[in-house]
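Subject: Structure handed over, with notes

Hello,

Here is the structure to look through. Please open it first and then read the notes below it.

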Amino acid sequence: MKYIASNFTLPCGAILKNRIAKSAMSENIGTLSNAPTKTLINAYEVWAKGNPGLLITGNVMIDRKALGEPRNVVVEDYTHFDLLKAWAKTVKGTDVHLWPQLNHPGRQAFGTINKEIVAPSAVPLKMGGVSKIFKLARPLTEEEIFDIIKRFGNSARIMKEAGFTGCQIHGAHGYLVSQFLSPISNIRKDRWGGSLENRARFVKEVYREIRSQVGPDYPIGIKINSADFQRGGFTESESMEVVQFLSSEGMDLIEISGGNYEKPAMVKGSRKQSTFEREAYFLDYIEKARKITDKPLLLTGGFRSVKVMEDALEEGKLDVIGLGRPFCLYPNLAQDIFDEKETCFEAPVPTIGIKLLDKIGGVELPWYELQIQRLGKGKNPKPNLPGIWALLNTIIGMLLKSFLKN
Ligand SMILES: Cc1cc2nc3c(=O)[nH]c(=O)nc-3n(C[C@H](O)[C@H](O)[C@H](O)COP(=O)(O)O)c2cc1C
């Protein structure tokens, strides 16, 4: 375990004690007023004991008017500050880093739980029969764009004050930052749309705002798509250009993923043969990215065996290994690797046989959220949990929040 167990210094000077990161997974276990719950905090206590170098929280929303899921945590001011402090305290004395992932869903937001949906442009999601649950977005005004940029900075600063040790911008998976980057979802004619330089203005300003509010020594990372995998979308070569300029801006850790709700490559891979052969979905991309940036790279998606992780680190393709679903079923994942207790971390794909839902992860994601809930309640993961429970849990959460919204 020579490479996985070794520590790593980020450009800002912060040190990750090993190369294992828990990637962001939306827990959806905040309160209906979007505060952290004891269950959420407990889950992080469990994960911190498992000794990873970095825990990235599930997406924390920066605006309560824009929720991805009914029970997302929202941080836009000092409401619930004590709970944020309790959350940050879960890593105290462990040297484990804990970073919130900051997000705005843009058009990937359910109409049932948001009064109004805003996005770069009014482009509907193309998701067949389920498109209807996403209301058509209203294009943001420039004033609103600046307000959102400010909010990213405010949330990062507040969470720093609460004790979080860094932060990550969610720039992937078709949410707002990624919507600005993609020519499919961004058809603006002003300085926020059109050329790549214009489409990337939003992410650049978000980074600069956060940096100005948290200072030069605080880690800021980003999760970015290697591509949307859609015709006419954000391409691999555009993604490389963005990686290059974010590197020159001073980004501390660049996490590579891919896809969006229309094309969920983040949990399914790009379906290329090389993906199946190589286990991790975006290894091809990261090898190319390695040549254009010397900034730290984190790769997430598909890693399951310790050998593949160790080889990727040894070959210098990347610096940190990101894992999502395995952390829900193996909460001690990093320590299990160091103790040589496990060599492979399988993560099943639960389905219920409704093709449309199964295809977009409509059961899989809530199923893993329920596993996180179990960890937070002091229970063991339950790999044989029926998928239907996950679906019912989602429906109940949506109905309750929609009732509160009205
Ligand atoms: C339940 C669940 C929730 C997720 N929520 C987020 C999220 O909030 N932000 C994010 O960037 N990725 C999210 N993801 C994607 C993961 O971070 C990761 O990219 C993906 O699961 C692939 O990694 P894996 O194969 O190790 O699971 C989520 C995945 C799952 C399973």
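Helix H15 (364-376) gives the most residues to the shell around the ligand, namely three. Bear in mind that this is a predicted model. Strand E4 (54-61), helix H8 (265-268) and helix H12 (325-329) also give two or more residues each to that shell. Of the 26 residues around the ligand, the ones that come nearest are Ser23, Ala24, Ser26, Gly324 and Arg325. By kind, the shell holds 11 nonpolar residues, 12 polar ones and three charged ones.

Next, strand E10, residues 253-257. Five of its five residues are buried. In a regular strand the side chains alternate between the two faces of the sheet. In E10, Leu253, Glu255 and Ser257 point one way, while Ile254 and Ile256 point the other way.

E10 has a parallel partner in strand E9 (residues 220-225), to which five bridges join it. Between E9 and E10 comes helix H7 (residues 236-249), and the three make a right-handed β-α-β unit. E10 also pairs in the parallel sense with strand E11 (residues 297-300), over three bridges. In that pairing, isoleucine 256 stands opposite leucine 299 of E11.

One residue of E9 is worth following: lysine 223. Is lysine 223 buried or exposed? Lysine 223 has 28 other C-beta atoms within 10 Å, and 20 or more make a residue buried, so lysine 223 is buried. Opposite lysine 223, in E10, stands glutamate 255. Lysine 223 touches Glu255 and Ser257, and also Ala24, Gln168, His170, Gly171 and Ala172, leaving aside residues up to four places away in sequence. Serine 257 is 34 residues from lysine 223 in sequence, but their C-alpha atoms are 6.9 Å apart in space. Ala24, one of the residues that lysine 223 touches, is also among those that come nearest to the ligand.

Last, helix H3, residues 142-162. How does the span of H3 agree with 1.5 Å a residue? The 21 residues should span 30 Å, because the expected span is 1.5 Å times one less than the number of residues. The end C-alpha atoms of H3 are 31 Å apart, which agrees. The buried residues of H3 include Ile145, Ile148, Ile149, Phe152 and Met159. Among the elements that cover the buried residues of H3 are E4, helix H2 (81-88), strand E5 (97-103), strand E8 (167-171) and helix H6 (201-214). Just after H3, glycine 163 takes a positive phi of about 120°.

Regards

Methods:
Residues numbered from 1 in each chain as written. Predicted model: local features only at pLDDT ≥ 70, side-chain atom pairs only at ≥ 80, totals over all residues. Near = placed C-beta within 6 Å. Helix = DSSP H or I, 4+ residues; strand = E, 2+ residues; numbered from the N terminus. Nonpolar A, V, L, I, M, F, W, Y, C, P; charged D, E, K, R; others polar. Buried ≥ 20, exposed ≤ 12 C-beta atoms within 10 Å, placed from the backbone. Pairing = 2+ DSSP bridges. Right-handed = clockwise from strand over helix to strand, strands pointing away. Contact = placed C-beta atoms within 7 Å.
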